[in-house]
Amino acid sequence: MGRLRTAIQTFADLELDPAEVLTHVEGLVQRLASETPTEQRDVVGATCLYAVYDPITGKCTMASAGQPPPVVVGPDGTARDIEVSPGPPLGVGGVPFESTTVALDPGSVVTLYTDGLFELEGFDAVHGINQLRNRLAVLTGADRSLAAIGRDLIGDLTDRPPSDDVALLLARTRIISEENTASWQFPAEPASVADARESVTRQLERWGLDELALSTELVVSELVTNAIRHAGGPVGLRLIRENVLICEVADPSNTQPRLLRAAPTDEGGRGLFIVAQCTSRWGSRYGRRGKTIWTEQPLDGLPDEMVPLFDLA
């Protein structure tokens with residue numbers, strides 16, 4: 001399990017589609033099984049549900065490998081299952097995984113759990129999912145913490161040791177308001193670099209983040225220049241102000257960006273090095289067409305109204 005957790009965290013950093021993540025992990029489990037003595041291979045396997053939430057669109061994409069369907073409680077208190085395409089447990093092989101995307105209202109509580117939950121007193125294997133929905137609909141409220149909901153959900157069901165392991169994860173979704181995002185699109189022309197810098201400077205001034213203008217201008221200049229030079233257009237640019245300042249530059253190429261150490265006589269190759277020096281984190285993700293390079297910069301004097309993108313318990 002330690003090896004699988006590490007692998008999944010690595011794939012998460014690559015920001016792959018959930019179904020693709022499970023496909024890669026499936027390959028790892030198959031390899032672990034081949035390295036295991038024959039008499040122990042039947043115990044090499046796992047179940048997994050992998051989900052990615054987008055706080056801009058409010059959509060959640062997930063894929064399942066042998067896990068029961070998540071339950072979501074909307075802000076109106078209505079509980080429902082999320083119909084995720086069922087996939088086999090990791091290690092079975094031979095069946096593709098599929099991603100499912102659903103829209104979640106802000107303030108929804110998403111419940112992820114293992115089927116060991118239904119082994120506790122108060123649940124049964126046949127009607128366990130219905131019982132879970134009913135209990136969550138009663139326990140969940142906008143003014144209740146996730147920790148309190150979790151304690152009430154399983155606290156009175158553990159009089160005896162469970163026969164199976166139990167994992168429960170609750171997440172309350174939030175969405176980034178429109179005033180905290182700004183986006184532009186530029187043609188693949190040299191003049192677009194200056195236009196992008198100017199747009200970013202004006203937006204940071206509106207947000208009162210003038211102290212980040214210089215570093216953000218450098219980041220935008222390098223990323224937009226690289227996109228125009230190596231990928232073509234159109235080039236998308238987006239700023240997101242939350243607990244950090246996120247800058248995203250999108251282009252139509254799927255080429256993997258690489259951080260290089262340029263020699264003193266090289267005329268190029270320093271762009272991502274400059275980006276890395278100006279930011280606390282950076283990375284890239286891929287869509288069906290093209291990629292997005294993103295960066296993060298910490299904010300000083302975070303406004304009181306800024307809140308995390310979601311709660312976990």
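Which residue in S5 does Lys-59 stand opposite? The partner is Ala-103. This is a predicted model. Its open sheet has three strands, in the order S1-S2-S5. Pro-69, in a loop after S2, is the other topic here.

**The sheet**
- The pairing in the sheet is antiparallel.
- Strands of a sheet pair through backbone hydrogen bonds, and the pairing can be parallel or antiparallel.
- Strand S1 covers residues 48-54, and strand S5 covers residues 100-103.
- S1 and S5 stand at the edges with a single partner strand each, so each has one side without a neighbour in the sheet.
- From one strand to the next, the twist averages 25 degrees.

**S2 and its partners**
- Strand S2 spans residues 59-65.
- S2 and S5 run antiparallel and are joined by four bridges.
- In this pair of strands, Lys-59 stands opposite Ala-103.
- Helix H2, residues 18-35, packs on the sheet.
- H2 touches both S1 and S2.
- The direction of H2 makes about 25 degrees with that of S2.

**Pro-69 and its surroundings**
- Pro-69 lies in the loop between S2 and strand S3, which covers residues 71-73.
- Its relative accessible area is 33%. Pro-69 therefore counts as partly exposed, since that class lies between the 20% limit for buried and the 50% limit for exposed.
- Leaving aside neighbours within four places in sequence, Pro-69 is in contact with Ile-82, Tyr-113 and Ile-129.
- Pro-69 and Arg-80 are 11 residues apart along the chain. Their C-alpha atoms are separated by 9.9 Å.

Key:
Residues are numbered from 1 along each chain as its sequence is written. This is a predicted model: local features need pLDDT of at least 70, side-chain atom pairs count only at pLDDT 80 or more; totals for chains, interfaces and linings use all residues. Side-chain values use heavy atoms; hydrogens and water are left out. Two strands pair if DSSP finds at least two bridges between them. Helices (H or I, at least four residues) and strands (E, at least two) are DSSP runs, numbered from the N terminus. Axes are lines fitted to C-alpha atoms, for helices over the stretch in contact, and angles run from 0 to 180 degrees between N-to-C directions. Contact means heavy atoms within 4.5 Å. Buried means under 20% relative accessible area, exposed over 50%, partly exposed in between (1.4 Å probe, protein chains only).
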